[in-house]
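Work through the exercises below with the model open beside you, and try each task before reading the solution that follows.

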Amino acid sequence: MSAYGTTRHQSTVTGPYTTPASTILFRRLSWEGTVPLEIRVDSKELPDNSDRGLECYYIQAPRVAYLPLLLPSIKNYLMDVVFDETAGKTLKEEDWWFENEDGTLLKWHWPIGLIYDNHTISSKSLSNAAALADATAPLRIIMHLASPPADKLLMQPNPEACKQAFMGQMKEADFIRWGNTKRMTSIRKQEQDGMWEGVKDHNFDEYWRVASKIIPTTSPVRPQSPPPSSSVSMHTRPPSADGALPSDKDGAYNVRSVPVRIYLPDGPVLQDLVPPLLEDGSPHTLSRYLSHLIPLLFPPKPSTTTTAARPPLPASFPGGRPSTTPSASDARSSMAFALIQGVLAPGESEMAWLGACLTGADGWLNVCVGLRTDHR
Amino acid sequence: MTAADLADPPTEALAALQTYKQKDPLKVVVLFKAIGNAPILKQKFYKITAANRFQAVIQFLRRELGYKPGDPLFTYINNAFSPAPDDPVINLYKSFSTNDHLIVCYSTTAAWG
């Protein structure tokens, strides 16, 4: 952790918001996160005279990067070690594409961290929450050298198309937060490009110099992380009582909705509006959102104030229902778990805080939901 | 890793997951708006299966316009952004619909790239 000690100061990243040091710390931890990949060239497609046995490329790839951004370093490796000169001249990066071992096409426009986490929740052998903590097994990827299935990749397999998709996601997230894309459109093209360069170079300062104008921060007057003991005091303190700072109306707790996507194993991606605060002014938490969106996997806990215990309701429950009371023991007894940036997220995490601190580079908070195998 | 780690998730959890994988037969109304010199459709409102991906909306629009695969066509939600082609229509509808319509603008040139 000492390596991140320098983020205490706010000198390098400036924006219209005052960003608390703890927010910067979590942003940096997310940003510096990497995942192990094993990229193997499909043995049937290896050109003649290739040095077989070496056709595997290993990399700790940044979670915020995209597969097309790895192509140059993969190419360098293959040229140096595996291919002969003739093959090197005929192969074109534009034709390269990726699958996982099950033959699932890997998306060019998904951050690598999301691809990794999505694989984790979808593969049975790793879905035990306890095993996740030290999961260092690389994600095995098959690389093909020809005939990219354009209809399934849904975009041109090149970094420029990837950049356009990234910008589209940034704008969509901006629209989710504020109901318009003014923050994105008000920054110059050069600055927008700077964000993408930051992703490409895995440069935290370069990216956040611009992104901090778009992705809202937590306000210093609010508790940054959701410490379990403070939840009572927060419930009694409506947001309006915070003596609003000038920038507070642009803060993470004042957005219309937090940009969140929920990924289920091998399955659908769910997205809905996620207000940062509930009607009673208390922060919207992860467990509350999950038990609202997917109650069969995260059954709402009957509140102690209700006399009759109600069974979990199917799709949604009335807004007037008392809020759930999440705790660490609740998380252990549920059938599923939530992974954010590869980390098991506590149910009491506040959605606004997650959106400010653990968001991906494209502005989206990706929550991968896996099934527990140790549930009794 | 112990044997317990490799156990199947409980049946209850798998059944719950299956519920959320079922395709919703719900249809939603999409309103197409031409931008710039893009041709205007005779019919503007269409009912589209919400479980479809946005790519299906793009393909539908191309067909209605009689566009060939190579012809340039840019699509935007609410005059503001291009969604990912694999975004389910239901997600876009839930987040961005206006008066129960999902407004899809289309252009032959990049408008809000």
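**Exercise 1. Charges over rings**

Task: Find which ring the charged end of A:Arg28 sits over, and place that ring among its aromatic neighbours.

Solution: The model is a predicted one, and the geometry that follows is computed from it. Begin at the charged end of A:Arg28, which sits over the ring of A:Phe204 at 4.3 Å from the ring centre. Next, follow A:Phe204 to its aromatic partners, since A:Phe204 forms one aromatic cluster with A:Trp31, A:Tyr207 and A:Trp208. A further contact of this kind is made by A:Arg183, which lies over the face of A:Trp178, 3.9 Å from the ring centre.

**Exercise 2. Aromatic pairs across the chains**

Task: Classify the pair of A:Phe175 and B:Phe81, and state in which elements the two residues lie.

Solution: Over all chains, the structure holds 18 aromatic pairs. In the pair of A:Phe175 and B:Phe81, the centres are 5.9 Å apart and the planes make an angle of 55°, so with stacked pairs under 30 degrees and edge-to-face pairs over 60, the arrangement counts as tilted. The pair joins two chains, because A:Phe175 belongs to helix H7 (residues 159–178) of chain A, whereas B:Phe81 is in the loop between strand E3 (74–77) and helix H3 (89–96) of chain B. Both A:Phe175 and B:Phe81 are buried.

Turn now to the pair that A:Phe175 forms with B:Phe96: here the centre-to-centre distance is 5.5 Å and the planes are 75° apart, an edge-to-face pair. This pair also joins two chains, because A:Phe175 lies in helix H7 of chain A and B:Phe96 in helix H3 of chain B. B:Phe96 is buried, as is A:Phe175.

**Exercise 3. The setting of helix H3 of chain B**

Task: Determine how many residues of H3(B) are buried, and say what this implies for the helix.

Solution: Count the buried positions, taking under 20% relative accessible area as the cut-off. They are B:Val89, B:Ile90, B:Asn91, B:Leu92, B:Tyr93, B:Ser95 and B:Phe96. Since 7 of the 8 residues of H3(B) are buried, the helix is largely enclosed by the rest of the structure.

**Exercise 4. The second largest pocket**

Task: Describe the lining of the second largest pocket by position, element, class and domain.

Solution: The second largest pocket holds about 1,200 Å³ of space. It is lined by 36 residues, of which A:Leu154, A:Met155, B:Ile58, B:Leu73 and B:Pro85 are the closest to its centre. By element, two or more lining residues come from each of helix H6 (150–153) and H7 of chain A, and helix H2 (54–65) and E3 of chain B, with H7(A) giving the most, at 7 residues. By class, the lining divides into 19 nonpolar, 10 polar and 7 charged residues. Finally, at least three lining residues come from each of domain 1 (33–157) and domain 2 (161–212) of chain A.

**Exercise 5. The largest cavity**

Task: State about how much space lies in the largest cavity, and which element gives the most to its lining.

Solution: The search of the whole structure finds 5 cavities of 30 Å³ or more, and the largest cavity contains about 140 Å³ of space. Among its 15 lining residues, those closest to the centre are A:Gly113, A:Leu114, A:Gln341, A:Gly360 and A:Asn366. Helix H4 (112–122) and strand E9 (365–371) of chain A are the elements giving two or more residues to this lining, and H4(A) gives the most, with 3. The lining comprises 8 nonpolar, 5 polar and 2 charged residues.

Notes:
Residues are numbered from 1 along each chain as its sequence is written. Chains are lettered from A and ligands numbered from 1 in the order in which they are written. This is a predicted model: local features need pLDDT of at least 70, side-chain atom pairs count only at pLDDT 80 or more; totals for chains, interfaces and linings use all residues. Side-chain values use heavy atoms; hydrogens and water are left out. Rings of Phe, Tyr and Trp (its six-membered ring) pair if their centres lie within 6.5 Å; planes under 30 degrees apart count as stacked, over 60 as edge-to-face and the rest as tilted. Helices (H or I, at least four residues) and strands (E, at least two) are DSSP runs, numbered from the N terminus. Buried means under 20% relative accessible area, exposed over 50%, partly exposed in between (1.4 Å probe, protein chains only). A charge sits over a ring if NZ of Lys or CZ of Arg is within 6 Å of the ring centre and within 35 degrees of the ring normal. On a 1 Å grid over the protein atoms alone, a cavity is a set of points where a 1.4 Å probe fits but cannot get out, and a pocket is an open set with protein on both sides within 12 Å along at least five of seven lines; lining residues have an atom within 4 Å of a point. Grid points are joined across faces, edges and corners, and a volume is the space filled by probe spheres set on the points. Ala, Val, Leu, Ile, Met, Phe, Trp, Tyr, Cys and Pro count as nonpolar, Asp, Glu, Lys and Arg as charged, and the others, Gly among them, as polar. Domain bounds come from an automatic or database domain assignment.
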